[in-house]
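Biologist: I should like to go through this structure with you, point by point. Please give the reasoning behind each reply.

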Amino acid sequence: MANPAIETELQLSDNALTVLERRYLKKDTDGNVIERPEDMFRRVADNIASAEGTYGATTEEVKRLSDDFYGIMTRQEFMPNSPTLMNAGREFQQLSACFVLPVEDSMESIFQAVKDTAMIHKSGGGTGFSFSRLRPADDIVSSTRGVSSGPVSFMKVFDSATEAIKQGGVRRGANMAVLRVDHPDIEHFIEAKTDHSQLTNFNLSVGATEEFMRAVQQGERFDLINPRTGEVAGSLDAREIFHRMAELAWEGGDPGIIFLDRVNEHNPTPHVGEIEATNPCGEQPLLPHESCNLGSINLAKVVAGVGEGARIDWEKLRRIVHSGVHFLDNVIEMNELPLPQIAEQTRANRKIGLGVMGFSDLLILLGISYNSQQAVHIAEEVMRFVTDEARAKSRELADLRGAFPNWKGSVADEAGEEPMRNATVTTIAPTGTISMIAGCSSGVEPLFAVVYTRHVLDRDELLEIHPLFEEMARDRGFYSPDLMKEVAARGSLHEIQEIPREVRELFVTAHDISPEWHVRIQAAFQEFTDNAVSKTVNFPNDATVEDIEHVYRLAYELGCKGITVYRDGSRDEQVLRTGQTEKARKGGAEAVVAPRARPQVVTGQTRMVRTGCGKLYVTINSDESGPFELFATMGKAGGCAASQSEALARLVSLAFRCGIPAEQIVKQLKGISCHMPAWEPGGERILSCADAVAKAIQQCMMPEGEQLQMDFNGTSFGHTGACPECGGTLVHEGGCNVCRDCGYSQCD
């Protein structure tokens, strides 16, 4: 429940108020909220409008602009990215969410980048890197007469630094690692997250070249190039690599693909440098030491009329676009960036990324299904308009303030175009939390759910019903509490016959829509977006690797700059299989494994393991056949920590009694991480209570000094299932993980 101290006259939902209270509003030293939402929006508006003073504006002109900025935010027409809402007008004035840092082929550059990463994560930003310039593993290091350990080993150093910063109590860090497909270590890179305990703070993307994609199409080999020498270092079968990329994305979502040559075809300042990497969610290609400021327009707010008379109010959209561009350009003036090189590069190009959210809501208001050619047409029409008007406003600002400093020699300058204030103006970013504040659907994604269960800490579970669906259900007479519960339980309207067919077709969710429609909508927005589009292509759990390959090819053919896929359950299902259950899964007879009965006497031992929740005492008892039961007691703790430890112990005990080998249980639990790790006296890190149980089993079951030999080829539990802030369920959308209960987002 939202704090009564922040109640407001604004039209904000309980969910929005909860998000604001948890993450955005000012707090005193005791953690008490001391700012209302209106105060936050006024703080931000005043701060960003004050940049006008740099250009000679009067006090009255600054006040009018501040009122305009305040209005577009409080009417939920436009929201800037999270760092701007959090930090503008406060002591800590870092307003950007996305950065790219260079990593050159030297120890000095690598560890300077690690240091710079720490500073950026401390400031609340996420970082992208290309590791393509690093020499491959086992290559010569002449200064030491040794050999290189390769890009992936250094990525682990960045990952550890990110983990340390996260544990310092600040906003979590997020990273993107890009490696060119023609790097000799590309196979190692593609496989880097098959061990789910590794690189947990990284998204991975393969930088696919035109040469590689042609080789895939033609079934040919492609050359690997040593970046140190520029010489050919071997070749690989393109289709085999392409298939392995799709296979691993099928298993866990990584790696994605960035079409690097296509990105650089649209690089506005090639005379300044080549684009090699993006921000963590892939929508913002950036030069080394560059940052970008993002904001999104709520398309649900630009619909005039209702029912069959509903239409897009283009004049209103034009006004919001112009205000949004002005706002984001001012952010560049007010931004206190974490490194001088970043400040210099950012102000030299002045890239902004105005995007949209609420696209699904717009379609519903217009009576258009998301998975339709009509929706593709609306996407193209809307984004063409937004980009055209954003450029018009940028040109207007250039007339008043001057073009971006790197204008001379830019692509637009060489083409004889009018000067612009900003090298780029549009980006489609994930809008996990700002869309909650705005009360609209996320980015350009389909609905995450029509009705879902929201868990609130001090109340029972609540049903969150999409307001347009509830209104339509009541108007058309099919609303009932029981029906809403059924919709929440099913997650879709698709098979609920009590709901009229045309309503079911209108309120489609991400998993009602075929992957091809996801890609077609992404491509429609990409055609008219300067930068790139953050979007998740959702697959059902039973999708095949070939299905993912098909979508990769389609994204390339339709002009996307990159693609991210997510197969339902691929990161959050735990598979424990005996030989019989595996046989049943593959189509054999159903296998039933009966747990063995408990004898009168069992023997065992208890170990104490330190976890982030306290001391965990793990007791493992065995009978004559081997390990039989496990008890896990969390010191003096109660509540969730104790209950979850007990639940975990019961499931492990059942697995023991059903004959599942201890090493298989360890494999599933070891490496699962939470937001509160701990360290044992010997220096070993305990990532979570589950990780503690795995290590206790490992220690108890094996002779002293002997390590379990475990096969990691099977599917294991992913790290994205539970929210690190409230324990709620994370939803994968917009290339990001978002909690609908508390507003946590991995990305913004």
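**Buried rings, helices and backbone**

Modeller: Phe469 is buried, since its relative accessible area is 0%. Please bear in mind that this is a predicted model.

Biologist: With which residue does Phe469 form an aromatic pair, and is the pair stacked, tilted or edge-to-face?

Modeller: A pair of aromatic rings is described by the distance of the centres and the angle of the planes. For Phe469 and its partner, the centres are 6.0 Å apart and the planes lie at 50°. The partner is also buried, with a relative accessible area of 10%. The pair is tilted, and the partner is Phe478.

Biologist: How are the planes of Phe404 and Trp407 arranged?

Modeller: The structure holds 18 aromatic pairs. In the pair of Phe404 and Trp407, the ring centres are 5.8 Å apart and the planes stand at 80°, so the arrangement is edge-to-face. Phe404 is buried at 4% relative accessible area, and Trp407 is buried at 10%. The angle asked for is thus that of an edge-to-face pair, 80°.

Biologist: Which residues do ring pairs link into a cluster?

Modeller: The cluster is built from ring pairs among phenylalanines. Its members are Phe129, Phe131, Phe158 and Phe202.

Biologist: Over which ring does the charged end of Arg42 sit?

Modeller: The charged end of Arg42 is 4.3 Å from the centre of the ring beneath it. Arg262 likewise lies over a ring face, that of Phe259, at 5.5 Å from the ring centre. For Arg42, the ring is that of Tyr70.

Biologist: How are helix 8 and helix 9 oriented to each other?

Modeller: Two packed helices are described by the angle between their axes and the distance between the axes. The axes of helix 8 (residues 210–218) and helix 9 (residues 238–252) come within 8 Å and cross at roughly 100°. Angles of 65 to 115 degrees count as roughly perpendicular. Helix 8 and helix 9 are therefore roughly perpendicular.

Biologist: Which residues make the contact of helix 8 with helix 9, and how many of them are nonpolar?

Modeller: Helix 8 contributes Phe212, Met213, Ala215, Val216, Gln217 and Gln218, while helix 9 contributes Ala238, Arg239, Ile241, Phe242 and Met245. By class, two of the contact residues are polar and one is charged. The number of nonpolar residues is eight.

Biologist: Which residues does a cis peptide bond join?

Modeller: Omega at this bond is about 0°. The proline concerned, Pro255, is placed in the loop between helix 9 and strand 10 (256–259). The residues joined are Asp254 and Pro255.

Biologist: Is Asp138 buried or exposed?

Modeller: Asp138 is found in the loop between strand 3 (126–130) and strand 4 (140–141). Phi of Asp138 is near 70°, a positive value in a residue other than glycine. The relative accessibility of Asp138 is 61%, so the residue counts as exposed.

Biologist: And His289, is it buried or exposed?

Modeller: His289 is placed in the loop between strand 12 (285–286) and strand 13 (290–298). His289 also has a positive phi, of about 65°, although it is not a glycine. Its relative accessibility is 18%, and the limit for a buried residue is under 20%. His289 therefore counts as buried.

Biologist: How many residues of helix 13 are buried?

Modeller: Helix 13 spans residues 359–366 and is mostly covered. Its buried residues are Phe359, Ser360, Asp361, Leu362, Leu363, Ile364 and Leu366. Just after helix 13, Gly367 takes a positive phi of about 75°. The count of buried residues is seven of eight.

Biologist: Which residues does Ala696 touch, leaving aside those up to four places away in sequence?

Modeller: Ala696 lies in helix 25 (residues 689–701) and counts as buried at 1% relative accessibility. Ala696 and Arg607 are 89 residues apart in sequence, yet their C-alpha atoms are 6.7 Å apart. The residues touched are Arg607, Val609, Val618 and Ile620.

Biologist: What share of the contacts with a separation of 6 or more joins residues 24 or more positions apart?

Modeller: The protein chain has 25 helices and 27 strands. Buried residues make up 56% of its 748 residues. Of the contacts in the chain with a separation of 6 or more, the share from residues 24 or more positions apart is 69%.

Definitions and conventions: Residues numbered from 1 in each chain as written. Predicted model: local features only at pLDDT ≥ 70, side-chain atom pairs only at ≥ 80, totals over all residues. Heavy atoms only, no water. Axes fitted to C-alpha atoms, helices over the stretch in contact; angles between N-to-C directions. Helix = DSSP H or I, 4+ residues; strand = E, 2+ residues; numbered from the N terminus. Parallel < 35°, antiparallel > 145°, perpendicular 65-115°, else oblique. Contact = heavy atoms within 4.5 Å. Nonpolar A, V, L, I, M, F, W, Y, C, P; charged D, E, K, R; others polar. Buried < 20%, exposed > 50% of the residue type's maximum accessible area, 1.4 Å probe, protein only. Phe/Tyr/Trp six-rings, centres within 6.5 Å; stacked < 30°, edge-to-face > 60°. Lys NZ or Arg CZ within 6 Å of the ring centre and 35° of its normal.
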